[in-house]
Amino acid sequence: MLQPAQVYNLYLCANFTFMLNFEYYNPVNLVFGRGQIAKISKLIPEGAKVLMAYGGGSIFKNGIYEQVSTALEGHEVTEFKGIEPNPRYETLMKAVEIVREKNIDFILAVGGGSVIDGVKFISAAVKFEGDTKEILHKRLRIEENTVPFGTVLTLPATGSEMNSGSVVTIEETQEKLPFGGPALFPQFSICDPTVVASLPTRQVQNGVIDAFTHVMEQYLTYPHDAILQDRIAEGILQTLVEIGPKVAKDPSNYEMAANLMWSCTMALNGLIQKGVPTDWATHMIGHELTALYEIDHARTLAIVGPNLYRVMFDSKKDKLAQYGQRVWNINADTIEQGALEAIEKTVQFFHTMGMDTKLSNYTPEYEKTADFIVKRFEERGWKALGEKQNITPEKVRDIVELSY
Ligand code: NZQ
Ligand code: ZN
């Protein structure tokens, strides 16, 4: 449910260009750099009973498990293994039961966005009275009654280590749904760029494109007077363009990995969205592609994003032209030409980063997708997405069909 202030902000967003009122609250203690995992011992409250949650086992192959276990010596630790990519409600509820049974009072997420998001759900669900699916279906704003948690980030991409959002999939109904709230910031997040060295190329590529699209969702709207937010956003985009291919080629290059990690965090820690209109429709459509076909999150964004810019061209062309000029050094004669070239540059960059940008490259069943997504959005009442609330179900259909 939107608060009156949010409705007012939406009204302002759709009609004005000056910087919107905002509060910036971000209590995460971000601990960045080589060798920082050892600090866990001081960051977790003394005497806390800890649940250490992780994914499918990559942490056993790259030495992260040993580092975390050593740092946790002296704490009573229960392990929870198996939080899958695109974390499943059904799996997370098993962890919720363990936390309740054992009276665990601190959770440590060791993994990428999926493990961290999963731990956010566990944290919110343990003390939740009622059907925990409501957290997702009603997109509840979680303000209290959470179990405190920290994170050890192993994959730079989502920014989940420094924000209070999460996305969880209900396997039974193939729904991938976001939720969050101010009680879901990690208490601390350890970001040691040496973890990047063991990432498969595909995951590095995903990280770059996810972060790139996070910036675009908060930047590529329409011109406004928040000058600093634009410049920071453009700085993150330029950095990702510069370093993305280098990290994919050599993830063991610490300097490049460190810049990727910080760029990904900065892309979605709330800073660049303050005072500006935001879109997020690429993500909402992309989540459906993952729910339907299990396509990696970032790859859904590479499929949808450029086509959303094409369909919403009239709404976005001014900002597209600014982006083209400042990020890609495009010197066009007209706004339209600059904007079109900017979209093409974006697609080329996605290809450079190993993305397929057509849905038909991922599934033979693509032709039913637009009907499915439009029906779902209508059932959910999502009839007006985007920064001007002008992405209607018809526009969603156009975007998805253009993505085939
Ligand atoms: O499970 P393990 O064995 O650990 O393997 C993982 C997984 O298979 C592997 N991996 C992670 N760190 C590694 C590693 N392999 C080798 N070396 C390492 N250091 O990578 C695979 C993918 O991991 P995952 O956590 O799924 O990737 P990512 O960080 O891209 O997270 C994607 C999830 O985050 C959500 C997405 O929707 C998706 O569910 N998002 C969360 C957001 C947020 N909370 O703010 C925003 C994003 O827009 C996004 O929606
Ligand atoms: Zn994303």
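In what order do the 6 strands of the open sheet stand? I looked this up first and found β1-β8-β5-β4-β2-β3, with parallel pairing. I took strands (E, at least two residues) and helices (H or I, at least four) as DSSP runs, numbered from the N terminus. Two strands pair if DSSP finds at least two bridges between them.

I noted the ground rules next. The model is predicted, so I kept in mind that local features need pLDDT of at least 70, that side-chain atom pairs count only at pLDDT 80 or more, and that totals for chains, interfaces and linings use all residues. Residues are numbered from 1 along each chain as its sequence is written, while chains are lettered from A and ligands numbered from 1 in the order in which they are written.

**The sheet**

I checked the edges of the open sheet. β1 (29–32) and β3 (76–80) each have a single partner strand, so one side of each has no neighbour in the sheet. On average, neighbouring strands are turned by 20 degrees against each other, direction ignored. Axes here are lines fitted to C-alpha atoms, for helices over the stretch in contact, and angles run from 0 to 180 degrees between N-to-C directions.

I then followed β2 (residues 49–54), which pairs with β3 in the parallel sense over 5 bridges. Met52 stands opposite Glu79 in β3. Helix α5 (residues 89–102) lies across β2 and β3 and runs at about 170 degrees to β2.

**The hairpin**

I found antiparallel pairing between β6 (residues 165–170) and β7 (residues 175–180), over 6 bridges. Ile170 stands opposite Glu175 in β7. The hairpin has 4 residues between the strands, and Gln174 takes a positive phi near 50 degrees.

**Helix α15**

I looked at α15 (residues 369–380), which has 12 residues. It reaches 17 Å from first C-alpha to last, close to the 16 Å expected at 1.5 Å a residue; the expected span is 1.5 Å times one less than the number of residues.

Which residues of α15 are buried? They are Thr369, Ala370, Ile373 and Phe377. Seen down the axis, they fall within an arc of 95 degrees (taken from the directions from the helix axis to the C-beta atoms), so they line one face of α15. The face turned away carries the exposed residues Asp371, Lys375, Glu378 and Glu379. Buried means 20 or more other C-beta atoms within 10 Å of a residue's own, exposed 12 or fewer, and partly exposed in between, with C-beta atoms placed from the backbone.

I closed with Gly381, which follows α15 and has a positive phi near 80 degrees.

Terms used. Contact = placed C-beta atoms within 7 Å.
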